[in-house]
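Please read this briefing with the structure open beside it. The points are grouped by topic.

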Amino acid sequence: MPDSNKTVPSAMHLKASSAAARYGMGFLITAIYAFLLAPVLIIVFTSFNPTNANTFPPTGFSLRWYGTFLETSGFTDAFRFSMWLGAIAAVGATVIGFLSAYAIVRFLGRRREAGQSLALLPVMIPHILISISLLLALTIVPFPELGGLIVGHIIICLPFTIAGITASLEGVDEQLELAAMTLGASRLRTLWEVVIPLIAPGLLSALIFAFIVSFGDVYIALFLSGPGRTTLPIEIFSYMQWESTPVVAAITTVQILMIVALGLVVERLVGLRKIMRV
Amino acid sequence: MRAGGGIFAATLFTPITVLYLSFLLAPIGFFLVMSVFRYSPMELYIPAVTADNFVRLLGEEHYRNIIFRTLRIAALTAFFSLLLGYPLAYFLARTGSIWRGVLMFLVIAPLMTGVIVRTYGWIVLLGSEGTVNVTLMWLGLIDRPIKILETEVAVLVALVHILMPYMVFPLFSSLAGQDPDVERAAATLGAGRWRIFFEVTLPLSRAGILMGSALVFTLTAGAVVTPALLGGTKVQMLGQTIYDLVLSTLNWPFASAIAFVLVLCQFSIIFLYFKGGRRRAG
């Protein structure tokens, strides 16, 4: 900052006050980060607690709650189901998201902004409303409830896959596609052999991020889960309505580690900010 | 792109259009229409037009309280998210630190873990043997654990924590997008640090403030899991009420009327947002 135009007394004053302001700001930012991260970190600590209570600081170190997690079939089944559902929803949302993002970037022209906003529709509607409405639709149209859950998850993942893939497509030179087509490649072949290889990191990121969104979802599954198709967040939610032991901490610690590792991969590949649109 | 692209583009758009129309817009439309149907314990609903659901919702004090509580908590959550999110977004937008990427990741990371994980974290922090109570007793400020869970404060704190990133992102975008020369010009003309902030930076970030507040308000209004686990039966909000009506009482038409009010609140907020945004542009 150029301070040359300041009068002498106020420059002295400004120097002192700017140091104070910098320390004050530093303290404030640290406090905000502590607030953001404390609930997540506390879970990791609690998961190693040897006693039955959700206390902190822990009274020792034990892996007993991880053992309990692995022995409780309700939790392990739900974990497996969430992985499976996340994988299917991720593939669905990435494929449909790729087709839509490509069409938005290459064919919409000046109406592109509008198309992108429409694609982001599911973010703006409360997820509980999407979920109830899907349940209602299932009571009218004969459609397996598992299908409803998968479709619901694909819908809530789509805004993120479209945002991520659109950002990747912006880095692809359209001339390359035109060259392929001039040389006689069909549109499909151009997509498959030119576009997809060029945005492979973006597609992989979209796939991973959609999995993360699906795995963390609780609102879609709230109305659409049932016997044999209970997701992990729903299993934890119903468990916590009656009791609360560190076994939940152990499960969520496993989940946190998995999600953060996947998030880091996305960050390396294309950057999370592109998918979150910031 | 070139001739013949029309059919190809239409094909590419087909899956998402079918998906959104038949599994998103049509079901939501039908669900909201149900708010004027009559409730029947035997069937899901009787398609006879009635205003009963809305009369009951606005007439009974119990439900009026739930509506006001939801609006109050949503407004407070948006306010505190802004209060905490603004300095964070400002810092992230202006810092030259090499850790900026990491610090940004730390804002997104909690978001990715899901609502349940973070709500559970607050149960551990705020419980009777939780960190907050243990610390307060250790400091000698209280003799025995105070009850934080099952109060509005617990719900508010957790919701601010869970939804704050949604405030930070639009704020960050609008702050990072500002031309640094504008602030420099104000400084050259003799404005102090605070004056620059309140008369230049803050007004220029208005779009981000409106966007973030609208987003947090809407997301809070639709919250179910966090109020249910941290507030119990004492802090009933609209989302939980809908959940109970659909899954326990099976009163779909009444649930629909509540959802209708929820959507109405959301649309008024979005309307205000666009109105505010336009005034800035004009």
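What follows covers confidence, the contact between the chains, one helix pair and one long helix run.

This is a predicted model, with an ipTM of 0.88 and a pTM of 0.89. Chain A and chain B meet in a contact that takes 71 residues from chain A and 65 residues from chain B.

**Confidence**
- The average pLDDT of chain B is 88, and 96% of its residues score at least 70.

**Contact between chains A and B**
- Chain A contributes 71 residues to the contact, and chain B contributes 65 residues.
- On the side of chain B that touches chain A, helix α1 (residues 5–33) of chain B supplies the largest share, 15 residues.
- That side of chain B consists of 48 nonpolar, 14 polar and three charged residues.

**Helix α6 of chain A against α1(B)**
- The axis of helix α6 (residues 127–140) of chain A comes within 8 Å of the axis of α1(B), and the two cross at roughly 85°.
- Because angles of 65 to 115 degrees count as roughly perpendicular, α6(A) is roughly perpendicular to α1(B).
- From α6(A), the residues in this contact are A:L129, A:I130, A:I132, A:S133, A:L134, A:L136 and A:A137.
- They meet B:F23, B:L24, B:P27, B:I28, B:F30 and B:F31 in α1(B).
- The contact of α6(A) with α1(B) has twelve nonpolar residues, one polar residue and no charged residues.

**Helix α3 of chain A**
- Helix α3 of chain A has 35 residues, covering residues 73–107.
- From first C-alpha to last, α3 of chain A reaches 50 Å, close to the 51 Å expected at 1.5 Å a residue.
- After α3(A) comes A:G109, which has a positive phi, near 60°.

Terms used
Residues are numbered from 1 along each chain as its sequence is written. Chains are lettered from A and ligands numbered from 1 in the order in which they are written. This is a predicted model: local features need pLDDT of at least 70, side-chain atom pairs count only at pLDDT 80 or more; totals for chains, interfaces and linings use all residues. Helices (H or I, at least four residues) and strands (E, at least two) are DSSP runs, numbered from the N terminus. The expected span of a helix is 1.5 Å times one less than its number of residues. pLDDT is the predictor's confidence in each residue, from 0 to 100. Two residues are in contact if their C-beta atoms, placed from the backbone, lie within 7 Å. Ala, Val, Leu, Ile, Met, Phe, Trp, Tyr, Cys and Pro count as nonpolar, Asp, Glu, Lys and Arg as charged, and the others, Gly among them, as polar. Axes are lines fitted to C-alpha atoms, for helices over the stretch in contact, and angles run from 0 to 180 degrees between N-to-C directions. Angles under 35 degrees count as roughly parallel, over 145 as roughly antiparallel, 65 to 115 as roughly perpendicular and the rest as oblique.
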